Amino acid sequence: MSALKSLKDSTFQLTAFNSPPSSYKRRNTTWRPPKAAIIPNFHLPMRSMEVKNRTFTDDIKSLRLITAIKTPYLPDGRFDLEAYDALVNMQIENGVEGVIVGGTTGEGQLMSWDEHIMLIGHTVNCFGGSIKVIGNTGSNSTREAIHATEQGFAVGMHGALHINPYYGKTSLEGLVSHFDSVLSMGPTIVYNVPGRTGQDIPPRVIHTLAQSTNLAGVKECVGHDRVDQYTKNGIVVWSGNDDQCHDSRWDFGATGVISVTSNLVPRLMRELMFRGKNQTLNAKLLPLMEWLFEEPNPIGLNTALSQLGVVRPVFRLPYVPLPLAKRVEFVNIVKDIGREHFVGQKDVQVLDDDDFILIGRY
């Protein structure tokens, strides 16, 4: 009995020893989350003192002919870098001043970011001394756009192409914040193509962005009136519509064009942008331009380059070649313009349906 009493006494003493003093006031036990850290609209781009490929915004602003370069594929769906390098070399030899890597024409939307950044780095490494390399590092996700643009400039690209957030879209204030998040990193071209994004970038957004010295200009697909409005306010514009680029350049003050057609006839497109008004040449090229865009780009271009023997007839789905009647039409267009004006050395041919490889997994 005494042992049990002793145990109770020791337990009481232990409890009493661990009890708070009488002066202790019980705290409010309601949990409150820590106040969120408010991060200002601020970005620290990766910087380097290396200036090998450092490009000033004015260097981008002066470009008159930029090709939205095609990405060729091997039968297993990987990049065909041999065909790609040959195509870029043809652009350089025929006077093209810049290339957009992994844009809509280059099917950046079908690439993983690893593929995308690798192709930008490869292009810089092989051709960065001869041509300006502008990487399409835009995204409808601001986080992805920031990350891809950091990587693109880290591998040496001279400028970035950025589209506005598509599908989900955002407010006009959101557009400004999105572009502000990437403008600090280097020379930037804003791409306005409402037909693909479902949302126009109105002039007041561009005028706000123009306060940044890194805004090189706008690739504009809305039309001549918008081009005219920007050029009168000192904003550089490239036509995003090949069939309008001649008039935009010579009648409405556009600096030049970011072109799909120049993949095929780079020398003629250079003549159209550099040598003054030439309605005869423009009229000669219009049937080709109209043919290229009868179906969503890059379907026509992929078909054309395959029939010229410049790339393998490999398509990453969901793109498929134009139907047979249109493939025959292209051969006739080439003959009308002159095969000597087109890239490649092989005779143009009409490919059969069975000649094309369509890849869903790669």
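Leu308 is where I will start. Not counting residues up to four places away in sequence, Leu308 touches Leu264, Phe330, Val334, Arg339, Phe342, Val343, Lys346 and Val348. Keep in mind that this is a predicted model, so everything I say is about computed coordinates.

Leu308 also belongs to the largest nonpolar core, which has 64 residues. Which residues have the most contacts inside that core? They are Leu264, Met269, Leu285, Leu288, Leu308, Phe330 and Phe342. Three of those names, Leu264, Phe330 and Phe342, were in the list of residues that Leu308 touches. By element, α12 gives the core its largest share, 6 residues. As background, nonpolar side chains in soluble globular proteins tend to be buried together.

Next, confidence. The mean pLDDT of the protein is 90, and 85% of its residues reach 70 or more. The stretch to set aside is residues 10-20, where the pLDDT is below 50. Beyond near neighbours in sequence, that stretch has 0 contacts in the model.

Now the backbone, beginning with the cis peptide bonds. One joins Asn297 and Pro298, with omega at about 15°. Pro298 sits in the loop that runs between α12, residues 279-292, and α13, residues 299-307. Another cis bond goes from Leu317 to Pro318, and its omega is near 20°. Where is Pro318 placed? Pro318 is in the loop between β9 (314-316) and α14 (324-337).

Then there is positive phi outside glycine. Glu107 has a phi of about 65° although it is not a glycine. Glu107 is found in the loop between β2 (98-101) and α4 (113-127). Is Glu107 buried or exposed? Its relative accessible area is 0%, and because the cut-off for buried is under 20%, Glu107 counts as buried.

Lys169 is another case, with a positive phi near 55°. The loop that holds Lys169 lies between β4 (159-163) and α6 (172-183). Lys169 has 42% relative accessibility, so it counts as partly exposed.

Lys169 leads on to Thr197, since the two are in contact. Leaving aside neighbours within four places in sequence, Thr197 also contacts Ile163, Asn164, Tyr166 and Tyr167. Thr197 is in helix α7, residues 194-197. With a relative accessibility of 4%, Thr197 counts as buried. What lies 3.0 Å from a polar atom of the Thr197 side chain? The backbone oxygen of Gln199 does.

The last site is Trp113, in helix α4. Is Trp113 buried or partly exposed? The relative accessible area is 27%, so Trp113 falls in the partly exposed class. Outside the residues up to four places away in sequence, Trp113 touches Asn136, Thr137, Gly138, Ser139, Glu144 and Ala148. Take Thr137 from that list: Trp113 and Thr137 are 24 residues apart along the chain, and their C-alpha atoms are separated by 9.0 Å. Glu144 is on the list too, and its side chain makes a polar contact with the side chain of Trp113, at 3.0 Å.

To recap the places to look at on screen: the core around Leu308, the cis bonds at Pro298 and Pro318, the positive phi values at Glu107 and Lys169, and the surroundings of Thr197 and Trp113.

Terms used
Residues numbered from 1 in each chain as written. Predicted model: local features only at pLDDT ≥ 70, side-chain atom pairs only at ≥ 80, totals over all residues. Heavy atoms only, no water. pLDDT = per-residue confidence, 0-100. Contact = heavy atoms within 4.5 Å. Helix = DSSP H or I, 4+ residues; strand = E, 2+ residues; numbered from the N terminus. Buried < 20%, exposed > 50% of the residue type's maximum accessible area, 1.4 Å probe, protein only. Polar contact = N/O pair within 3.5 Å; in protein donor to acceptor, adjacent residues only side chain to side chain. Core = buried A, V, L, I, M, F, W, Y, C linked by side-chain atoms within 4.5 Å.
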